[in-house]
Structure formats: structure tokens, C-alpha cells
Amino acid sequence: MAVIVYPDTVEKEIKKASKEAVYYASKVAGQLGTETIALALGTLEEDKLSTLAKYGADQVATVHDERLDHFDSCAHTKAVAEIVEQYSARVIVIPYTNNGQGLAPRLSARLKAGLVPGAVDFPRTDGDFVVKKGVFSGKGFAYYKINTDRKIIGMLPNSIGPQENPKAGAVEQLNVTLEDSDFTVQVKDVQKSTEGVPLSEADLVVSGGRGLKGPENWGVIEDLAETIGAATACSRPVADSEWRPHHEHVGQTGQTIRPSLYIAIGISGAIQHLAGINKSKVIVAINKDPEAPILKEADYGIVADAFEVVPKLTEALKEKVAAS
Ligand SMILES: Cc1cc2nc3c(=O)[nH]c(=O)nc-3n(C[C@H](O)[C@H](O)[C@H](O)COP(=O)(O)OP(=O)(O)OC[C@H]3O[C@@H](n4cnc5c(N)ncnc54)[C@H](O)[C@@H]3O)c2cc1C
């Protein structure tokens, strides 16, 4: 009856979304009066296993196999499914990261388990098992009752935030049957295109739109982002014009993010853009047009020319950072 959580990793590091998922799973297990088992697939270091305990794992089930260090949706699905069977788990929590989006639907088909992708809150477990998720590009919520005995929750990152919930985290080594032929792809080389916090995990984001006029002006965005330790993002036309890489594009057809702070500079606030950012905790908009739709969505608005106000804002923040 246990709750199993699959923590997504990158370069053997546990992602922030995974810590959040472990905490989430531990609260669901508490609701159901059962325990939380966190999976550790691959060759994670000892301190990473302790991290899983710190965020709420009663038990850490490890499969020490270096072939699992890189995500392969087929092999990981097979491994997770086998472990779910071994523990007779009824609820599986998966952070809905890129890898999670590869794993969850395959697991759902394999285990014949109902899946709610992109859950934003804890489930209701009083009789029925009901999970809340965002719909209509974040403009509404729907409540899904999962009918199957086994249930999979794909948890949207940054929905509740990772919180510590220390548990024993007893480590158990497991074996799963994996043939080389289960691994359908192989990572040959990894080259990072940017340094710093990935956009999907960033708590602070500075984003630029067409109002910046061209890629040569992106220094103002990068300066501000670096000063406050933020990731950079952009609107779709900016990425389409190749001013910025596509992985920075947020919105309906780009990434959906939920940072604590989203600063939109020279972005009009079209509905397709808002769909990717309207769950940010605080939105600050800088736009020279007082009628720009983004100002209606923003918690704080500055009506001004970005090229005048952003360097001043960055200078003021640099002084604050230096004084602290
Ligand atoms: C099917 C579909 C899907 C789409 N998906 C997405 C998506 O995922 N993400 C997305 O972003 N868009 C998406 N779009 C495009 C979207 O409709 C808008 O066209 C786009 O978001 C506009 O980008 P922008 O705000 O950067 O540019 P603009 O609309 O051109 O706005 C530029 C803004 O900058 C301001 N400005 C200009 N100069 C300055 C200055 N010096 N200082 C301060 N402000 C200034 C202007 O007042 C204006 O508000 C999609 C469209 C469609 C049809």
C-alpha cells in the first residue's frame, strides 16, 4: 500500500522538483497512513540518499546500476514498474519534469494505472481519490477522480515548494531485471548551452520581449538576472527570431514556470505568454505602454522605457547586494 516516489536526477544530483515530489509523497503517505519509499536509480552518492530521507522518505530503495544514471524512458519505466510490483505500491508520485513526462504515461500504460499529469495540490483521499490540476492554460482548475486501484500523480514542479520532513530513510538495495536491450537510447556526450539554474527550476526569472528591440540589447536582462541570481527567459517571438535560444521561451507553446518572482521586461502580456507564467507568485512588469495587458496581470508595474529603468534598477540592487 506504500507511496512510491520517483526522484528525477541530473548528473547524479537530485533536482529541486524531486525534493518537492518526495515531500509531496510523504504528505500523501501521511494522509493514507502508509510509508513513503523513494527510488534511487543509478549510482547516487550516499549524501543524495540522505537528502531523500530529509525530504520525507521513510525508505530509500536503490538499484545500483550505472546504466540508469542517464534517463531512458523504456528502461526506467521497466525498473520503476518492477519496484512498484515488489512493494505492492498503490500510489506513485512523479515530478512532472521533462523526464517525468516521459516516464509517467509509459508507466500508466504498463501498470494500467490512472494518471493525472500536472497535479498542483495534495489529493483528496476521503473515500474517492481526487487530484487537482490546472486546465485552460492555467485559467482554471479541474478535479480528477482516479478510478484505478493504482494511481499515478505527475506533480507540477513549484506547486507546493520543497519542504523538509525528516524521516529515517532506511536504505534497501534492490535488483531489477534489466537487459542491455531495455536501454533504447544512449547518451554519448552532454554539452551545456547555458550555465546556472535551469529555467524550469528557477525561483527568480528575468524575462525579455520584443520591446528589447534586438539580441544586442540583452545585456540589460543578463545584468539584472546575474545581480539577483535569476534565470533568463523570453517571449516566443524573441526565440523565433533567434535572439535567444528556444529553451528560454515561456508560454503556451514553451515552458510553463512557477517562480517566486517573474520580471517581464518589454513583454506585452499576450494570453499565450501569460499561460506559461501566470502561476508565478509575484509578477513585475516593465513596459512603456500603460495599456499593455501584462500590467493588468502584474503585482507591480513600472511604466517606463526599459533601457532607462532597468540599468538603474540593476545598479540599485547591486548596491543592496554589496551592503548585505
Ligand atoms: C498559437 C500561438 C501560440 C503562441 N505561444 C506563445 C508562447 O508560448 N509564448 C509567447 O510569449 N507568445 C506566444 N505566442 C505569441 C503571442 O501571441 C504574442 O505575439 C507574443 O507573446 C508577443 O511577444 P512580445 O510581448 O515579446 O512582443 P510584443 O507583443 O511586440 O510586445 C512588446 C512590448 O514591449 C513594449 N515595449 C516596446 N519598447 C519598450 C521599451 N523601450 N521599454 C519598455 N517596454 C517596451 C511594448 O509596449 C509592448 O508591450 C503565441 C501565439 C499563437 C498564435
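**Salt bridges and ligand environment**

A total of 16 salt bridges is counted in the structure, each defined by a side-chain nitrogen of Lys or Arg within 4 Å of a carboxyl oxygen of Asp or Glu. The structure is a predicted model, in which local features need pLDDT of at least 70 and side-chain atom pairs count only at pLDDT 80 or more, while totals for chains, interfaces and linings use all residues. Residues are numbered from 1 along each chain as its sequence is written, and side-chain values use heavy atoms, with hydrogens and water left out.

One salt bridge joins the side chains of K12 and D69, with an N to O distance of 3.9 Å. This pair connects distant parts of the chain, 57 residues apart: K12 lies in the loop between strand 2 (9–10) and strand 3 (13–14), and D69 in the loop between strand 5 (59–63) and helix 3 (73–87). Helices (H or I, at least four residues) and strands (E, at least two) are DSSP runs, numbered from the N terminus.

Around the ligand there are 26 residues, of which R210, S235, T253, S268 and N287 come nearest; a residue is near if one of its heavy atoms lies within 4 Å of the molecule. Polar contacts (pairs of N or O atoms within 3.5 Å) reach oxygen atoms of the ligand from a backbone N or O atom of R210 at 2.8 Å, a polar side-chain atom of H249 at 3.0 Å and a polar side-chain atom of N287 at 2.8 Å.

How values were computed
Polar contact = N/O pair within 3.5 Å; in protein donor to acceptor, adjacent residues only side chain to side chain.
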